[in-house]
Amino acid sequence: MISYVSAEGRLPLVNLQSASLCAAGGCAQAEEDDPALFRGSGVCKWFNVRMGFGFLSMSSRDGAPLQTPQDVFVHQRKLHMEGFRSLREGEAVEFTFKKSSKGLESIWVTGPNGAPCLGNERRPKSAQKRRSKGDKCYNCGGPGHHAKECQLPPQPKKCHFCQSISHMVASCPVKAQQHTRGSTEVSMTYILSSTPVHVEASTKSFYL
């Protein structure tokens, strides 16, 4: 192990061996050797694929089985796997963890015997895919792009109800006419249904 101090003598000692380990991707191994860390094994209790975190259910701690499983927090950054990192509910895992102010927190999570985690086949829907369903240009009304990307010059504003350029939707006569017609039909239906009809064969009044 080699340590050094800067020429000014103001920088703290730096462990070059630890720095080389981190540069070579050995930080996880160095963390596992930390005496403040513990080893555990169990299964994934649940994992939110979209948010990227969840909890592990630890059934064994430092090789000793636990009578009552304990929850250990896990974040996707701590998972040993390639590509999109996630866990499947019930997936067997081994991990190192530490005690924090919020509880038990995992440091490095792998599959059995240090193998990569399997992960969940589910993927969160990206914001781009969700937005693409409703992409519409407010300048020309065409699909597939937004107004700032429109190739046409600024177009006159249109009524969103009847597409007329002479007025806005708040003062649309077509919308007002349909609304009035609908209200009239509802009123007539109510009047007819509430008008008593006298039947000569009986002295009672019946309602339609």
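**Exercise 1.** Does E121 count as buried or exposed, and at what relative accessibility? Then describe the salt bridge that E121 forms in this predicted model.

*Solution.* Start from the accessibility: E121 has a relative accessibility of 59%, and because exposed means over 50%, E121 counts as exposed. Next, take the pairing, in which the side chains of E121 and R88 meet in a salt bridge at 3.5 Å, N to O. Finally, place the two residues: E121 lies in the loop between β7 and α3, and R88 in the loop between β5 and β6 (92-100), so the pair ties together parts that are 33 residues apart in sequence. R88 itself is partly exposed, with a relative accessible area of 39%.

**Exercise 2.** Determine how many salt bridges a search of the whole structure finds, and characterise the one formed by D71.

*Solution.* The search finds two salt bridges. In the one formed by D71, the partner is K45, and the closest N and O atoms are 3.0 Å apart. D71 belongs to strand β5 (residues 64-75) and K45 to strand β3 (residues 38-48), so this pair ties together parts that are 26 residues apart in sequence. As for accessibility, D71 is partly exposed at 37%, and K45 is likewise partly exposed at 40%.

**Exercise 3.** Work out the surroundings of N120, beginning with its place in the chain.

*Solution.* N120 sits in the loop between β7 (103-110) and α3 (127-132), where its 13% relative accessibility makes it buried. Its side chain reaches the backbone nitrogen of R122 at 2.9 Å, and, leaving aside neighbours within four places in sequence, N120 is in contact with V49, S86, L87 and R88.

Notes. Residues are numbered from 1 along each chain as its sequence is written. This is a predicted model: local features need pLDDT of at least 70, side-chain atom pairs count only at pLDDT 80 or more; totals for chains, interfaces and linings use all residues. Side-chain values use heavy atoms; hydrogens and water are left out. Helices (H or I, at least four residues) and strands (E, at least two) are DSSP runs, numbered from the N terminus. Buried means under 20% relative accessible area, exposed over 50%, partly exposed in between (1.4 Å probe, protein chains only). A polar contact is a pair of N or O atoms within 3.5 Å; within protein, one must be able to donate a hydrogen and the other to accept it, and residues adjacent in sequence count only if both atoms are side-chain atoms. Contact means heavy atoms within 4.5 Å. A salt bridge is a side-chain nitrogen of Lys or Arg within 4 Å of a carboxyl oxygen of Asp or Glu.
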